[in-house]
Amino acid sequence: MTGTSTSSVRVAVRVRPLTEQERQQQMSITFQPNNQISVSGDKSFTFDYVYPPHSDQQEVFNTCVIPLLNKFLEGYNSTILAYGQTGSGKTYSMGIGIEYTTNEGIVPRFVHSLFQQLHHKQSLLDSFSFQVSVSFLELHQEDLVDLLGDKGFNLTIREDTHGNICWAGVKEEVVCDPKELMSFLRKGSIARTTASTDMNHNSSRSHAIFSVVLRQFHQNKKLVSKFHFVDLAGSERLKRTNAVGDRAREGISINSGLLALGNVISALGDESRRVSHIPYRDSKLTRLLQDSLGGNSQTLMLACASPADINVTETLNTLKYANRARNIRNRVAVNQEMGETEKLKQTITRLKEEIRSNDDFLHAVNNEMDALKREVQVLSTTLQQKSIELACVKCERDQYKHQLMADDHGLIPPMMDDDQTLVNDHPLMTEYAQIIESLKIELLQTQEKLKLSQERQHDDDETLVGSPCHSSNQCPPVYVSDKTSSNKKRHRVGRRSNFS
């Protein structure tokens with residue numbers, strides 16, 4: 001993964017036309033220049049893209065999806081997040097529903113453009129190759145379901161070594177052309193949970209994530225990028241949908257997930273309440289979208305809204321959340337996987353940096369040791385000076401001491417010559433001479449004791465005495481008698497007594 005940069009979440013607002021039941025009502029949305037939109041003439045918003053009811057699918061794709069497709073081919077992760085109330089046109093705009101085959105939405109157009117650009121790139125580069133794989137996942141009542149795999153398999157949400165969110169257990173299907181890819185899209189759309197309510201006869205009862213994974217290979221370099229198409233189930237009010245039983249429980253679960261998503265959007269995008277903790281783990285939905293909101297992804301939020309006056313409250317809430325999402329900053333990076341050569345080069349570079357840092361550390365330690373040595377030398381010199389000064393002070397003290405003693409006993413102080421020290425008969429010098437003589441005597445006694453101790457140790461180790469004769473023949477060994485041994489012992493005792 002290369003160096004990271006920041007990218008804001010872009011927001012597109014698409015307003016669907018009025019339905020047959022809503023034609024008698026007034027439109028609550030007014031469109032203004034420079035991508036501005038107002039609700040009921042009071043609240044105004046500005047977005048990156050605004051599509052009025054007469055905008056077609058191709059216009060939406062060309063203006064807000066093509067830039068994401070180009071980033072996806074460069075190796076960036078990308079996400080399109082469809083958000084809005086139930087029946088606002090999310091599934092229609094995304095084009096992942098089974099009934100939208102004539103007027104294709106974002107996903108079918110994306111698939112055809114993707115393979116077209118990949119084949120064109122392959123024709124220009126001889127060593128270029130690619131692999132495309134897809135997966136289809138839905139979140140139904142906080143349960144993860146693989147729409148392309150076997151039912152009942154346990155799916156989990158995890159983080160890889162780089163901190164990116166991945167889904168363990170989800171089946172990925174490798175595809176070779178747009179037709180094969182669209183077949184898996186239709187297979188997953190058929191398996192997706194839908195039901196009829198009073199507000200939408202084919203309402204999605206789960207959040208769906210259709211993912212396209214692209215692996216590109218060129219000159220020992222590998223780019224791995226992911227494109228997530230997220231079709232969220234619409235928010236709904238039970239008193240308007242008249243849902244009961246399973247439909248009511250599904251609606252409650254949908255609203256809970258969207259509430260957690262709204263809290264994450266508020267925490268990330270509301271500048272007035274910047275917080276350090278982002279509640280991604282409050283819901284599996286927000287955990288799945290962690291990379292798309294605040295992570296490593298180029299993200300587009302497609303906010304779908306109804307222009308009918310009866311839906312003005314839900315429309316206003318949708319636009320508020322979309323407006324907060326514009327303030328979210330993602331950390332994006334090219335997802336480049338290095339080959340073995342590049343990994344070895346990176347390892348060598350890292351080891352060189354470690355060696356350089358170790359050398360710097362040793363150099364600093366040596367400098368500190370040299371400084372300590374110089375300090376020790378200074379202290380030693382100072383200690384010697386202080387010792388000399390102390391000796392002088394002691395000498396002066398002793399002089400004053402003996403002078404006082406002489407004064408007390410009426411003695412005449414010793415005479416001082418101009419260039420000589422005290423005379424030899426001074427009491428202080430006499431005392432020093434006595435001490436030196438006693439120390440000499442003690443040293444001689446100690447040396448004699450050491451010599452006698454060595455001889456005694458040598459005699460105790462020998463029980464058999466043999467010595468070579470002066471002649472050419474060797475004398476036989478002579479055993480020492482007890483009498484001779486006792487004489488030696490007495491002789492040693494006598495010698496010790498002379499020095500004791």
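The questions below concern strand pairing, confidence and contacts in a predicted model.

Q: Why are strand 3 and strand 4 called paired?
A: Two strands pair if DSSP finds at least two bridges between them; strand 3 (residues 29–32) and strand 4 (residues 36–39) are joined over 4 bridges in the antiparallel sense, so the requirement is met. Within this arrangement Ile29 stands opposite Val39 in strand 4, and the hairpin has 3 residues between its strands, with Asn34 in the turn at a positive phi of about 60°.

Q: What makes strand 4 and strand 5 a pair?
A: The cut-off is at least two bridges, and strand 4 and strand 5 (residues 43–46) have 4 bridges in the antiparallel sense, so they count as paired. Gln36 has Thr46 in strand 5 as its bridge partner, while Ser40, in the hairpin of strand 4 and strand 5, takes a positive phi near 60°.

Q: How do you know which stretches call for caution, given the average pLDDT of the chain?
A: Confidence is scored for each residue from 0 to 100; the chain averages 80, and 79% of the residues score at least 70, yet pLDDT stays under 50 over residues 415–424, which have 8 contacts beyond four places in sequence in the model. Over residues 463–500 pLDDT is also below 50, with 17 contacts beyond near neighbours in sequence. Where pLDDT is low, the predicted coordinates should not be read in detail.

Q: What does it take for a residue to be called buried, and what share of the chain is buried?
A: A residue is buried if its relative accessible area is under 20%, and 38% of the 500 residues in the chain are buried.

Terms used: Residues are numbered from 1 along each chain as its sequence is written. This is a predicted model: local features need pLDDT of at least 70, side-chain atom pairs count only at pLDDT 80 or more; totals for chains, interfaces and linings use all residues. Side-chain values use heavy atoms; hydrogens and water are left out. Helices (H or I, at least four residues) and strands (E, at least two) are DSSP runs, numbered from the N terminus. pLDDT is the predictor's confidence in each residue, from 0 to 100. Contact means heavy atoms within 4.5 Å. Buried means under 20% relative accessible area, exposed over 50%, partly exposed in between (1.4 Å probe, protein chains only).
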